[in-house]
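I opened this entry to keep track of what I looked up in the structure, going from whole chains down to single residues.

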Amino acid sequence: MHKAGFLVSALLVTVSLSAGIHAQRGGGAGAAQSGRAAASDDLTGTWVSVVAEHWHLRMLVPPKGEFAMLPLNQAARKMAAAWDPAKEPAGDEQCKGYGAAAIMRIPSRLDIRWAGDNQLRMEIDSGTQTRLFNFGAATATTQPPSWQGYSTAAWVRGDLQAVTTRLRPGYLRKNGVPYSDQTRVEEHFDRFTEPNGDNWLVVDSIVTDPVYLNGPYVTSVAFKKIPDKQGWDPTPCRANEAR
Amino acid sequence: MLLTLSSAPALAQVDLTGMWRPMPRNEDGSGMDGDYAGLPLNAAGRARAQSWVPENFDVPEWVCRPHSWDFSVEAVAVLRLWTDVQGPTQQVRAYRGRIAMRDQETTIWMDGRARPPDWVRHSWSGFSTGEWQGDTLVQTATHLKENYIRRWGAMRSDQATVRIRYKRIGDYLRTTVIIYDPVYFDAPYIRTNLFWVNDPDLQMPPYPCDEATETVVERGTVPHQLPGKAILPAQNPDLTDRFGSPYEARLGGTETMYPEYIAKIKTFRRPPTVFSETPERGQ
């Protein structure tokens, strides 16, 4: 079923709304279908960030104390105020700014493919990260926290919706703005085609963190579809670089 | 039911109507007037932008200059959306919108009416039709007046076609604006904001604007700068902002929108002096 065929989607709206993000789990008409079979859109392919808004916040490492748009509490401000780029630890800790709560805003290329009938894999060249979106599976409560955490996914009203938890504490912004291991990331992936043939993927994120945020941090970013792996440029995690 | 849905494409898939409160935003974060980084300006668009000077705001005819609808949906103020329902059929004939700041309104015709000929008068909100794509309302506007895409000179032309996608995400409203401008842009310009929260208790405040002289501009004068003479701080090669942005990036252009430009930024000279204006920060 393709997004353009929204007549069927309309009939499913009521079911989807009531079932919410976990629509693919447990009983209901869609329970027997895999995430791939139930896909109401095709997100596969390579996508590139188009950074036409918040350019300085995204294309440069923001200076210390640059908190525009962030609903930070005092604890977060205190931590961010103590940030010292010269003292960022080496190795894996350089990936603090590439976690699931932040990575969609880092200028990147995404490559999205099905890794199985119930798993959609997103490779990200900036920081060489991998996100896995799991359909029809319970949250892996035993999985150790990681930069990309554990993402449950479902098709809701034509879009991919995902909720990510089990996150390792990281940076919401590369200038040391923290998020905690209690962070929850809700994302909506909306693909559409414009009359000129351009394919766009808009990703809306709602980040909540009871430890460091006073309220939800909501953002929306755009990616444009490009030929497979065009310009693909994997980089290591780098604390002092914008990507 | 299928028959009903297929014969009524204008039917709303979700309810977008009501009062929407803007959330904190940041237009571009640099704090320097004349910064076009991330904008797909071509040579004409850059020349147009560089000709602008702040005294434009003091020209009596421009003191109350409206912000066009496509600029206003960057969530600058309270938004109300409502429907115009045709009595006998109870079909939604149009979506209407109002944004408090500078009294902006739009009408998005859903009744399939034809777009007017090219010679019809242009306005701040232009002429708009709408369609539902799934649960997204898509507005297509033409017949627009030239207007800001940044409040320091960067413009889209009156020949632009603007498409705005309205999508509800729970209690949030997202607007995604894509501007196609054959005059000032080399590529489509996209801006997406998940910046509105549904708030039924909001009141729509009036926005009275009276012409007032803050800086005297001699009658008949059109404040401007000639090509290559821009005085805006971001167009000064020796100034930078608190981010350390290079002058070359601030000229804008399609390449500045893509991740690979980050590597190029590092090859540019860092201007020696930090512009001192204190920008808006945080909440």
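My notes follow, beginning with chain A and ending with the contact between the chains.

**Entry 1: the model and the make-up of chain A**

Before anything else I noted that this is a predicted model, and I read every value below with that in mind. I counted the elements of chain A and found 3 helices and 11 strands. Following the sequence of chain A, I wrote the pattern down as α-β-α-α-β-β-β-β-β-β-β-β-β-β. I then looked up burial, and of the 243 residues in chain A, 52% are buried. For contacts in chain A between residues at least 6 apart in sequence, I noted that 63% join residues at least 24 apart.

**Entry 2: the barrel of chain A**

In what order do the strands of the chain A barrel close? I traced 9 strands in the order 1-2-3-4-5-6-9-10-11, with mixed pairing. On average, and with direction ignored, neighbouring strands of this sheet are turned by 30 degrees against each other. As a reminder to myself, strands in a sheet pair through backbone hydrogen bonds, and they may do so in the parallel or the antiparallel sense.

**Entry 3: strand 3 of chain A and its neighbours**

I went to strand 3 of chain A, residues 119–124, to see which residues lie on which face. The covered face holds L120(A), M122(A) and I124(A), whereas Q119(A), R121(A) and E123(A) lie on the uncovered face.

On one side I found strand 2, residues 109–116, which runs antiparallel to strand 3 in chain A and is joined to it by 6 bridges. Within this pair, M122(A) of the covered face has I112(A) standing opposite. The link between strands 2 and 3 of chain A is a hairpin through 2 residues.

Strand 3 of chain A also pairs with strand 4, residues 129–135, again in the antiparallel sense and over 6 bridges. Here I124(A) stands opposite Q129(A). Strands 3 and 4 of chain A form a hairpin with 4 residues between them, and in its turn I noted G127(A), which has a positive phi of about 80 degrees.

**Entry 4: strands 5 and 6 of chain A**

Further along chain A I checked strand 5, residues 150–156, against strand 6, residues 159–165, and the two pair in the antiparallel sense over 7 bridges. One facing couple that I marked in this pair is S151(A) in strand 5 and T164(A) in strand 6.

**Entry 5: the barrel of chain B**

I turned to chain B, where 9 strands close into a barrel in the order 1-2-3-4-5-6-9-10-11, with mixed pairing. Neighbouring strands of this sheet are turned against each other by 30 degrees on average, direction ignored. In which sense do strands 4 and 5 of chain B pair, parallel or antiparallel? Strand 4, residues 104–109, and strand 5, residues 127–133, pair in the parallel sense over 2 bridges, and I found I108(B) opposite S128(B).

**Entry 6: strand 9 of chain B**

Strand 9 of chain B is largely enclosed by the rest of the structure, because 7 of its 9 residues are buried. Strand 6 of chain B, residues 136–142, runs antiparallel to strand 9 and is joined to it by 6 bridges, and L137(B) has Y166(B) as its bridge partner there. Strand 9 also pairs with strand 10 of chain B in the antiparallel sense, over 9 bridges, one of the partnerships being K167(B) with R174(B). These two strands form a hairpin with 2 residues between them, and G170(B) in the turn has a positive phi of about 60 degrees.

**Entry 7: the contact between the chains**

I listed 47 residues from chain A and 44 residues from chain B in the contact. On the chain B side, helix 1, strands 9, 10 and 11, and helix 5 each supply at least two residues. Strand 11 of chain B gives the most to this side, with 6 residues. Sorted by kind, the chain B side has 19 nonpolar, 15 polar and 10 charged residues.

**Entry 8: a loop residue of chain B**

Last, I looked up T267(B), which lies in the loop between helix 5 and strand 13 of chain B. Why does T267(B) count as exposed? It has 8 C-beta neighbours inside 10 Å, and the cut-off for exposed is 12 or fewer. Measuring C-alpha to C-alpha, I placed P246(B) at 9.5 Å from T267(B), with their positions 21 residues apart in sequence numbering.

Methods:
Residues numbered from 1 in each chain as written. Chains lettered and ligands numbered in written order. Predicted model: local features only at pLDDT ≥ 70, side-chain atom pairs only at ≥ 80, totals over all residues. Buried ≥ 20, exposed ≤ 12 C-beta atoms within 10 Å, placed from the backbone. Contact = placed C-beta atoms within 7 Å. Nonpolar A, V, L, I, M, F, W, Y, C, P; charged D, E, K, R; others polar. Pairing = 2+ DSSP bridges. Axes fitted to C-alpha atoms, helices over the stretch in contact; angles between N-to-C directions.
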